[in-house]
Amino acid sequence: PAVPQYNAGAGFSAAPPGLSRARVERVAGKVPLSAGETARRKLGLLHFVARAELPAMEVYPTALIASEDASGGVVTRAEEVLAKTCHGVDLDDPGLVARLLELHQGTGVGAAGA
């Protein structure tokens, strides 16, 4: 039997292999996440980057952005990550400064219009 093809422009008549119709709608942004689920996912990401043994220079931008989140739990965890993982980051490093500037201006990889 032929496998139904998913065509984003034609709507959600058939889900791609491996995804349910509900998951397709979630990925496409049709079903927004609740504030609690968003905070839970952000905390999960912070836990991951804190334990993944990534270089502090790689963790710093993520933790810095998370430290300004609206959720108090995310802010607390981000500040812990900054204190424990990123305490030795060279804030004068040209690569880090360029990355932070890209994030601030929205011109980094994956930014809209980039």
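What follows walks through the helices of this protein and a few residues that sit between or on them.

The structure is a predicted model. The protein holds five helices and zero strands, so along the sequence the pattern simply reads α-α-α-α-α. Of its 114 residues, 19% count as buried. Among the contacts with a separation of 6 or more, 43% come from residues 24 or more positions apart.

Helix α2 is a good place to start. It covers residues 35–51, 17 residues in total, and runs 24 Å from its first C-alpha to its last, close to the 24 Å expected at 1.5 Å a residue. Ala39, Leu46 and Val49 are buried in this helix. Looking down the axis of α2, the buried residues fall within an arc of 90 degrees, so they line one face of the helix. The general rule behind such a face is that an α-helix has 3.6 residues a turn, so residues three or four places apart point the same way. The buried residues of α2 pack against α3 and α4. On the face turned away from that buried side sit the exposed residues Gly36, Arg40, Phe48 and Arg51.

What comes right after α2? The helix is followed by Glu53, with a positive phi near 55 degrees. That is a positive value in a residue other than glycine. Glu53 belongs to the loop between α2 and α3, and because its relative accessibility is 76%, it counts as exposed.

The pairing of α2 with α4 can be described in some detail. The two helices pack at an angle of about 10 degrees, their axes 9 Å apart. That makes α2 roughly parallel to α4, since angles under 35 degrees count as such. From α2, the residues that take part are Ala39, Lys42, Leu43, Leu46, His47, Ala50 and Arg51. On the α4 side, they meet Gly73, Val74, Arg77, Ala78, Val81 and Thr85.

Two of those α4 residues deserve a closer look, beginning with Arg77. Is Arg77, a residue of helix α4, buried or exposed? At 12% relative accessibility it counts as buried, because the cut-off for buried is under 20%. The side chains of Arg77 and His47 are joined by a polar contact of 3.0 Å. Leaving aside neighbours within four places in sequence, Arg77 is in contact with Leu43, Leu46, His47, Ala50 and Arg51. Those five names also turn up in the list of α2 residues that meet α4.

Val81 also lies in helix α4, and at 1% relative accessibility this valine counts as buried. With neighbours within four places in sequence left aside, the contacts of Val81 are Leu46, Ala50, Val59, Ala63 and Cys86. Leu46 and Ala50 belong to α2. Val59 is 22 residues away from Val81 in sequence, yet the two are 8.4 Å apart in space, C-alpha to C-alpha.

Not every residue of α4 is tucked away. Ala83 is found in this helix too, but its relative accessibility of 52% makes it count as exposed. The C-alpha atoms of Ala83 and Ala63 are separated by 9.8 Å, with their positions 20 residues apart along the chain.

The link from α3 (56–66) into α4 (72–85) is a loop, and Ser67 is found there. Despite being in a loop, Ser67 counts as buried, at 11% relative accessibility. Its side chain reaches the backbone oxygen of Leu64 at 2.6 Å. Setting aside neighbours within four places in sequence, Ser67 is in contact with Val75, Ala78, Glu79 and Leu82.

Further along comes helix α5, residues 94–105. Its twelve residues should span 16 Å at 1.5 Å a residue, and the end C-alpha atoms are 16 Å apart, which agrees. At the start of α5, a side-chain oxygen of Asp93 comes to within 2.9 Å of the backbone nitrogen of Gly95. Just after the helix, Gly106 takes a positive phi of about 75 degrees. A positive phi thus follows both α2, at Glu53, and α5, at Gly106.

Note on methods: Residues are numbered from 1 along each chain as its sequence is written. This is a predicted model: local features need pLDDT of at least 70, side-chain atom pairs count only at pLDDT 80 or more; totals for chains, interfaces and linings use all residues. Side-chain values use heavy atoms; hydrogens and water are left out. Helices (H or I, at least four residues) and strands (E, at least two) are DSSP runs, numbered from the N terminus. Buried means under 20% relative accessible area, exposed over 50%, partly exposed in between (1.4 Å probe, protein chains only). A polar contact is a pair of N or O atoms within 3.5 Å; within protein, one must be able to donate a hydrogen and the other to accept it, and residues adjacent in sequence count only if both atoms are side-chain atoms. Contact means heavy atoms within 4.5 Å. The expected span of a helix is 1.5 Å times one less than its number of residues. The arc is that of the directions from the helix axis to the C-beta atoms. Axes are lines fitted to C-alpha atoms, for helices over the stretch in contact, and angles run from 0 to 180 degrees between N-to-C directions. Angles under 35 degrees count as roughly parallel, over 145 as roughly antiparallel, 65 to 115 as roughly perpendicular and the rest as oblique.
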